[in-house]
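Please examine the sequence and the structure shown below. The paragraphs that follow lead from individual loop residues to the chain and then to the pair of copies.

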2 protein chains.
Amino acid sequence: MSEGSKKGRKHTISMKVNHSFNALARIAGLFTGRGFNIDSISIGEAEEEKMASCTITTHGDEHIIDQIIMQLDKLVDVVDVQDLTFVPHVDRELALIKVESSKQKQTEIIQVANVFRAKVIDISPESLTIEITGRKDKVDAAIGMFEPFGIRKVARTGTIAMKREYEPKD
Amino acid sequence: MSEGSKKGRKHTISMKVNHSFNALARIAGLFTGRGFNIDSISIGEAEEEKMASCTITTHGDEHIIDQIIMQLDKLVDVVDVQDLTFVPHVDRELALIKVESSKQKQTEIIQVANVFRAKVIDISPESLTIEITGRKDKVDAAIGMFEPFGIRKVARTGTIAMKREYEPKD
């Protein structure tokens, strides 16, 4: 993540793409060609066979992001693209966090995990592995709380997002 | 996902990479250049700044995967690469599933969600959005159970994985 990528509003872009990973290289190319960094990317199976859902979060100038979205829309492999930034949506990510843990610290770490409704999914005499799901800021906060114990490893999925269905009428 | 990609054993490859998404294009290129498809990919922040954790799942011939891993290891942007396939590890993914739901069907859908310890995170008169975390086969099973109600949209993160710490001694 370069410095530049942190300027401007955070955008969450949701796509449906052909599950061919030539597509991935092309999508990545569109961003990097414009000097944009992708903050996170998640690609998994979509509701239809041979299709993948792809969510990208990025930061930057509105005008350039509009152009990128127009260009994404033109890619053969991209069936649907939506900028969810200005649309009510739910977004979540998943992280696995391996925390240093002596026997004495275990209870304390598990208490922190409970506060975040996180789960311990692996345990050894020297570490606990925690699974946490939530919005990015919740995951960031949890990692911040585990830091004093010592973090051995973090694996994060990047954000996935979905449009809210219910739109309140004025 | 092409037919070919489903042959051979499933591999879970965990990497630590520079958080520059030129890296992404290069990594994707290594796989597609060998005719390999990536089944899923997740890239998010790692424990160190400016680094990203990247998990790729793929299928294929052992020999070719070994070569790909050797080549990944040589990439400047790749700091660490590990094939977790033959190592005890925990793996999880996250999915958001938007299910069609009339008022009459709501209770039934929420019951299915409860069985999978999934959470309803959005509700409208015509749909429920479900958040589920687990191994890929659990998420697949849940999606299978929601299918009869009608699935509007699925967003999946792809798998993230972490080595288990405790190794039992014989």
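**Loops, chain and copies**

A:Arg117 has a relative accessible area of 71% and therefore counts as exposed, the cut-off being over 50%. The model is a predicted one. A:Arg117 belongs to the loop that joins helix H3 (103-115) to strand E6 (119-124) of chain A. Its backbone deserves attention, for A:Arg117 is not a glycine and yet has a positive phi of about 50°. As a general rule, most residues other than glycine have a negative phi.

Which other residue has a positive phi although it is not a glycine? A:Lys50 does, with a phi of about 65°. This lysine, A:Lys50, is placed in the loop between strand E2 (38-45) and strand E3 (51-60) of chain A. Is A:Lys50 buried or exposed? With a relative accessibility of 58%, A:Lys50 counts as exposed.

These two loops can now be placed within the chain. Chain A contains four helices and nine strands. Read from the N terminus, the order of its elements is β-α-β-β-α-β-β-α-β-β-α-β-β. The loop of A:Lys50 thus links two strands, while the loop of A:Arg117 links a helix to a strand.

The next topic is the chain as a whole. The C-alpha trace of chain A spans about 55 × 40 × 35 Å along its principal axes. How are the contacts of chain A distributed along the sequence? Among contacts with a separation of 6 or more, 73% are made by residues 24 or more positions apart. Chain A has 170 residues, of which 55% count as buried, that is, they have under 20% relative accessible area.

The surface and the charges complete the description of chain A. About 7,800 Å² of chain A is exposed, and carbon and sulfur atoms supply 50% of that area. Chain A carries 24 positive and 26 negative charges, and the mean positions of the two sets are 3 Å apart.

The last topic is the relation between the copies. In general, two copies of a chain are related by a rotation about an axis and a shift along it. Here, chain A is superposed on chain B by a rotation of 180° with 0.0 Å of shift along the axis, at an RMSD of 0.0 Å. This is the relation of a two-fold axis. Through which surface do the copies meet? Of the interface residues of chain A, 98% are also interface residues in chain B, so the copies meet through the same surface.

Definitions and conventions: Residues numbered from 1 in each chain as written. Chains lettered and ligands numbered in written order. Predicted model: local features only at pLDDT ≥ 70, side-chain atom pairs only at ≥ 80, totals over all residues. Heavy atoms only, no water. Buried < 20%, exposed > 50% of the residue type's maximum accessible area, 1.4 Å probe, protein only. Contact = heavy atoms within 4.5 Å. Areas by Shrake-Rupley, 256 points an atom, 1.4 Å probe, with all protein chains shown as cover. Lys, Arg positive; Asp, Glu negative; His and termini not counted. Charge placed at Lys NZ, Arg CZ, Asp CG, Glu CD. Least-squares fit on C-alpha atoms with pLDDT ≥ 70 in both.
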